[in-house]
Each structure stands twice: as C-alpha cells, then as structure tokens.
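I opened this structure to look at its enclosed spaces, its open pockets and one of its sheets, and I kept the entries in the order in which I looked things up.

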Amino acid sequence: MKKEITGVMVYYYEVCKRKLWYFYNEIQMEQGNENVEIGKAIDEETYKRDKKHINIDNIINIDFIRSKGILHEVKKSNKIEEASILQVKYYLYFLKKREVDNIKGKIDYPLLKQSIDVELTDQDIILIEGILEDIKKIVALKNPPPLEKKKICKSCAYYDLCFI
Ligand code: SF4
C-alpha cells in the first residue's frame, strides 16, 4: 500500500509517530471522539462566508483561503502548535513544488480569537524533505512504533487501542 503523504500525516508525525502509523495504515477511530466532534463543529460554524476546504490532489486539504494569497488552517486550540505550524509549512512546500510560491500561511484559532503567521524558509524546505523521508520509513514498518505516553494520549482517538 503506497499513498501520498498528506498534511494530516505531517501533523501526526509531529504529534505522535504511532498515531501516524495507525492513520496511514487505515486504522481509523476518529468518529465519535469528542475532540474530533468539536473540531468539526468549529469547522462548520466559523468563517462561513469564506471559501473552505480546497483539496489539491487529495494530498492537501486547505481549510480556506480568505484573503488573496493567504492559506488558512483552522485549529481549535494551540496546544500542539508546533505540529500545526509544520502542517501549514508542508502545504506551502507542496504548493511551492508546484510553482505556487507567492502564498503565505496563517493558523487561526477562532475559539481563542488568535492567529499566527507561517512562512516557509529555505531551512524549512530541507527539514520537510527529511521529515517526508522519515514518514515513509515509519509508515512502512510492520508494526506501530513503540508506545510513548504523552500528555495528549487521553484525548487521542487511538487511546483505547494503545492503553486498553
Ligand atoms: S494514544 Fe498516545 S501513543 Fe497512542 S496513538 Fe494516541 S498519542 Fe500516540
């Protein structure tokens, strides 16, 4: 099974390598998880007038582009901000590879009424290319990477799979 690397996979790479493995290998337990439901509700209720969910090659799914040249990603909290930043940088990288490089990124937190800007640097490109190689190795493993207890485990959709 060989799939393209999506923005969500890059996000999970930063959040938890085990979660990435589960997700890639189609072990999906997101439905009914309270955090996912909240995320969907925010998604449906916010920025109604903006263009939403721009899907490119089924690889990246940009929440919306509100103002010209700005790619927006909506998140409910900034607890895992590093992963969100990496996800948006991957979107910018992906677009740059397709010669769309006049775009900037923004992460919006509607519940916090905050947003942060994200840009892609030359160093980020090197970093992302290394991460993409690493992701390919992780998802090809026969078994999920070893369990490492994290703060986010309790709110993770895979909690039962890891801990029960
Ligand atoms: S429960 Fe924890 S270890 Fe298991 S997939 Fe989720 S974040 Fe990773």
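The entries below go from the ligand and its cavity to a pocket and then to a sheet.

**Entry 1, the ligand.** I noted before anything else that this is a predicted model. I then asked which residues surround the ligand. I found Cys 16, Lys 19, Leu 147, Glu 148, Ile 152, Cys 153, Cys 156, Tyr 158, Tyr 159, Cys 162 and Phe 163 around the ligand. Sorting this shell by class, I got 9 nonpolar and 2 charged residues, with no polar ones. Helix H6, residues 159–163, supplies the largest share of the shell, namely 3 residues.

**Entry 2, the cavity.** I next looked up how many cavities of 30 Å³ or more there are, and the count came to 1. The largest cavity has a volume of about 90 Å³, and I recorded that this is the space taken by the ligand. Its lining holds 14 residues, and those nearest the centre are Cys 16, Leu 147, Cys 153, Cys 156 and Cys 162. Two elements give two or more residues to this lining, helix H2 (17–24) and H6. By class, I read the lining of the largest cavity as 10 nonpolar and 4 charged residues, with no polar ones.

**Entry 3, the second largest pocket.** I then turned to the second largest pocket, which encloses about 380 Å³ of space. It is lined by 19 residues, and I listed Lys 2, Lys 3, Glu 4, Ile 5 and Lys 136 as the closest to its centre. Helix H4 (81–97) and helix H5 (122–139) are the elements that give two or more residues to this lining, and H5 gives the most, with 5 residues. The class count for the lining of this pocket is 11 nonpolar, 1 polar and 7 charged residues.

**Entry 4, a sheet.** Last, I looked at an open sheet of 3 strands, whose order is E3-E4-E5 and whose pairing is mixed. Why is one side of E3 and of E5 left without a neighbour in the sheet? Strand E3 (70–74) and strand E5 (114–118) stand at the edges and each has a single partner strand, so one side of each stays without a neighbour there. Direction ignored, neighbouring strands of this sheet are turned by 25 degrees against each other on average. Strand E4, residues 104–109, pairs with E5 in the antiparallel sense over 5 bridges, and I noted that Ile 107 has Ile 116 in E5 as its bridge partner.

How values were computed:
Residues numbered from 1 in each chain as written. Predicted model: local features only at pLDDT ≥ 70, side-chain atom pairs only at ≥ 80, totals over all residues. Heavy atoms only, no water. 1 Å grid on protein atoms, 1.4 Å probe; cavity = no way out; pocket = protein on both sides within 12 Å on 5 of 7 lines; lining within 4 Å. Points joined across faces, edges and corners; volume = space filled by probe spheres on them. Nonpolar A, V, L, I, M, F, W, Y, C, P; charged D, E, K, R; others polar. Near = heavy atom within 4 Å. Sits in = over half its atoms within 2 Å of the grid points. Pairing = 2+ DSSP bridges. Axes fitted to C-alpha atoms, helices over the stretch in contact; angles between N-to-C directions.
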